[in-house]
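Work through the exercises below with the structure open. Each task is followed by a solution in steps.

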Amino acid sequence: MIQALEQTLRWFGPSDPVTLAAIRQTGVTGVVTALHHIPCGEVWPLPAIRARQQEIEAHGLTWSVVESVNVHESIKIAGPGRDAMIGNYIETLTNLAAAGIKTVCYNFMPVLDWTRTHLDYRLPNGVSALRFHRPALVAFDLYLLQRPGASADFTPAEQAAARQYLDGLSEEEQQTLVRTILAGLPGTDEVFTIAEFKEHLARYKDVDAAKLKENLAYFLRRVIPAAERLGINMCIHPDDPPFAILGLPRIVCTEQDLQELIAMCPSPANGITFCTGSLGANPANDLPGMIARLGSHIHFLHLRNVQHDADGSFYEAEHLNGSTDMVKVMKQVVLEQLRRQQQGRADVAIPVRPDHGQKIWTDFDFNTYPGYSLIGRLKGLAELNGLEKGIKGMLETVK
Ligand code: DNO
């Protein structure tokens, strides 16, 4: 019998309209959260961690994964003060370990976290999905942000499509597009202005992909040994979408990138958050194959599906119904669990969460963080849970 994956849901803290009581009712055992109110770079004090943990435990749940301890921009650009920021990062990890929280997700995306152009894309059946519409991103880049040199990144046909797209937008729709693209970190309501964003871009003028990788390696070589000592598994979240945007490099996009990441600092503590939604937005990524080859480094799973369009656009589809074959993905996850079991590894019950969900029915009554309504995620949770149990049941019967 293969152990079940550890079912979790993300919770954004006390301001999240989806309460811990609601999460408890979904049947998950784990909560994925962060101290979102602490500014990026500051140490998370142990008493604050313990207080949040007790709140979660009072609902019969466990704080399984921290998503995320964000990496300060000075670390990504190798700016002055990065060593102090790395020191703070390690102190936060030390405090998390003292509270017994041992899985920490982070990402290395410059300036912006995940990026979409539409947060309320209606599908024919009335549900709302998140969408990345490439002509909208190009229009923003060329005509609203007016990034110098941006036109070199796009073909004449892409530029024409972007112009046409923009011409069809009202002033208000243009403002919505700006706010959507420039939304800051998850779990905050922060949105950059164009002027602020331009200042951030300027800081990256000498940071190309190679330099960013160097800065990631610098970070890992300091943080991973500490994590290993503390018994913490670090797991990087891939870039979403998995390609350079707005002139900013992105370096955690492909299998090759992930292999390089592991090679930068080989250690069981240097792992991956395998996000099928982020990685799946690039049709060239072979997700089941990546799990087969990189599986031993996966400490956390985000299962989500996207539907691609031919022009590089995508929207977030139902969990089992999109461009990614979730059955093949889950089969590889189960095979990885089997390998871990055979090797006697303690981490067979990999934490998993249904990532994002569409807005369905009464989800529209709540002002939830984009992608984090309850019914949509609950549907994904139920489908994925059934898929996992079905595959494991089949394995038992053919044995
Ligand atoms: C989106 C999430 C990401 C993720 C961070 C991880 O909903 O998957 O925002 O939390 O990028 O650091």
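**Exercise 1. Polar contacts of the ligand**

How far is an oxygen atom of the ligand from an N or O atom in the side chain of His 237?

Solution. The model is a predicted one.
Step 1: Select the side chain of His 237; one of its N or O atoms is 3.2 Å from a ligand oxygen.
Step 2: Do likewise for Arg 10, where a polar side-chain atom lies 3.1 Å from an oxygen atom of the ligand.
Step 3: Go on to Tyr 372, which has a side-chain N or O atom 2.6 Å from a ligand oxygen.
Step 4: Consider the ligand's surface. Taken alone, the ligand exposes 330 Å², and the protein buries 100% of that.

**Exercise 2. The shell around the ligand**

Describe the residues around the ligand and the space that the ligand takes.

Solution.
Step 1: The ligand has 16 residues around it, and those that come nearest are Glu 67, Ser 68, Asn 107, His 356 and Tyr 372.
Step 2: Sorted by character, the shell holds six nonpolar, five polar and five charged residues.
Step 3: Strand E4, residues 103–107, gives the largest share of the shell, with three residues.
Step 4: The space taken by the ligand is the largest cavity.

**Exercise 3. Unusual backbone geometry**

Find cis peptide bonds and a positive phi, and place each in the chain.

Solution.
Step 1: Recall the background: most peptide bonds are trans, and most residues other than glycine have a negative phi.
Step 2: The peptide bond from Glu 67 to Ser 68 is cis, with omega near -5°. Ser 68 is in the loop between strand E3 (62–67) and helix H3 (73–76). Glu 67 and Ser 68 also appear among the residues that come nearest to the ligand.
Step 3: Asp 240 and Pro 241 are joined by a cis peptide bond with omega about 0°. Pro 241 belongs to the loop between strand E7 (233–237) and helix H10 (255–264).
Step 4: Leu 246 is not a glycine, yet its phi is positive, about 55°. The loop between E7 and H10 contains Leu 246.

**Exercise 4. Overall fold**

Why does the radius of gyration of the protein agree with that of a compact globule?

Solution.
Step 1: Count the elements: the protein has 14 helices and twelve strands.
Step 2: The C-alpha trace spans about 60 × 50 × 40 Å along its principal axes.
Step 3: A compact globule of 399 residues would have a radius of gyration near 21 Å; the protein has 20 Å, so the two agree.

Terms used
Residues numbered from 1 in each chain as written. Predicted model: local features only at pLDDT ≥ 70, side-chain atom pairs only at ≥ 80, totals over all residues. Heavy atoms only, no water. Near = heavy atom within 4 Å. Polar contact = N/O pair within 3.5 Å; in protein donor to acceptor, adjacent residues only side chain to side chain. Areas by Shrake-Rupley, 256 points an atom, 1.4 Å probe, with all protein chains shown as cover. 1 Å grid on protein atoms, 1.4 Å probe; cavity = no way out; pocket = protein on both sides within 12 Å on 5 of 7 lines; lining within 4 Å. Sits in = over half its atoms within 2 Å of the grid points. Helix = DSSP H or I, 4+ residues; strand = E, 2+ residues; numbered from the N terminus. Nonpolar A, V, L, I, M, F, W, Y, C, P; charged D, E, K, R; others polar. Rg over C-alpha atoms; globule rule 2.2 N^0.38 Å.
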